[in-house]
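New notebook page, new structure. I'm jotting down what I look up as I go.

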Amino acid sequence: MLFRSHFLTGIFGYLTSPLWLMQLLVGIVIGLISPAGALVTRMLAAPGRIPELNGRLSRVRSGAYLAGVVVGGALYVLVGATPVFAINVVSYALPVSVVATAMRRVPVPEAGGRLRDLLVLGRSEPGLRAVFLGAFVSAIAGCFTVGLPAMARSVGASAMILTVLKAVYPAGGLFVATAVRKLHGRVGWGRVQRTCLLTAAVVLALLALTTSGVGGAGTTLAVMSVLVATIGCAVYLDNAVLASLVQIAAPAETRGAVLTGYHLMPMLAIPLGQQV
């Protein structure tokens, strides 16, 4: 009973911490809007143009994340954490208001299907099953970012070192739109997806070797940055390809269930990948 009491007290204290609650609310919001965003993306382009649209969206997200990491890191160094969180709260209001206004003008079709329909589709649609598996594996590959603080500490104690490593990861996604445009119609997307995962695996192994140092601190940081950016490019391209495949392949009558299930894959994979 005493152990249970201390355990529950600790869990309750952890759950009520402001940082944990903020992350919980952000995660819930992302979970709510992700399937809807994919459905709207499917509406905005013909099937043959969806990969290019997802590539451009990936580039925009990468640029926004890159800017946020750089600005947030600089603000943290200059003024501390509290103003960063305050600005972050305000930053959510603008995109939400813009999207909410735009959705009033665009007819959004009803998202059909139930989650249990995925069991039937998993048996009858091997292509969708492969996409779901790819999304699961890709999400695990992206979890290496939890090790970035430890990598930064192996180089030096400055907070800007971690900022650099966090910034170069999404920087790789800036090249996704160009890569999709060059590859579209020339190479099968299945081959692209497998190449992305293989590239990420090989570069992750090389990144693990650099943690022991490859020269001076500046050289080590430069090598780490190149490797992290390469992984970012592979993962972002992989995600753009997978998103396009699932949006195109999802049957209209069960599209809502398929897109919801697809976006559940990272939510299931990321906790596992972070523990690994």
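Entry one: a helix crossing. I'm working from a predicted model here. I looked up how α8 and α11 cross, and the crossing is right-handed.

Next I wanted the geometry. Helix α8 covers residues 159-171 and helix α11 covers residues 217-249. I find them packed at an angle of about 30°, with axes 6 Å apart. Angles under 35 degrees count as roughly parallel, so α8 goes down in my notes as roughly parallel to α11.

Which residues of α8 and α11 make the contact? From α8 I listed Ile 161, Val 164, Leu 165, Val 168, Tyr 169 and Pro 170. From α11 I listed Leu 221, Met 224, Ser 225, Val 228, Ala 229, Ile 231, Gly 232, Val 235 and Tyr 236. I then sorted the contact residues by character: 13 are nonpolar, two are polar and none is charged.

Entry two: cysteines. How many disulfides does a search of the whole structure find? I got zero. I checked Cys 196, and it is in no disulfide. Its nearest cysteine sulfur belongs to Cys 233, 7.5 Å away. A disulfide needs the two sulfur atoms within 2.5 Å, so I can see why this pair at 7.5 Å doesn't count. Going the other way, Cys 233 is in no disulfide either, and the nearest cysteine sulfur to it is that of Cys 196.

Last lookup: is Cys 196 buried or exposed? Cys 196 is buried, at a relative accessible area of 5%. Cys 233 comes out partly exposed, at 24%.

Technical notes:
Residues are numbered from 1 along each chain as its sequence is written. This is a predicted model: local features need pLDDT of at least 70, side-chain atom pairs count only at pLDDT 80 or more; totals for chains, interfaces and linings use all residues. Side-chain values use heavy atoms; hydrogens and water are left out. Buried means under 20% relative accessible area, exposed over 50%, partly exposed in between (1.4 Å probe, protein chains only). Axes are lines fitted to C-alpha atoms, for helices over the stretch in contact, and angles run from 0 to 180 degrees between N-to-C directions. Helices (H or I, at least four residues) and strands (E, at least two) are DSSP runs, numbered from the N terminus. Angles under 35 degrees count as roughly parallel, over 145 as roughly antiparallel, 65 to 115 as roughly perpendicular and the rest as oblique. A crossing is left-handed if the near helix is turned anticlockwise from the far one by less than a right angle, and right-handed if clockwise. Contact means heavy atoms within 4.5 Å. Ala, Val, Leu, Ile, Met, Phe, Trp, Tyr, Cys and Pro count as nonpolar, Asp, Glu, Lys and Arg as charged, and the others, Gly among them, as polar.
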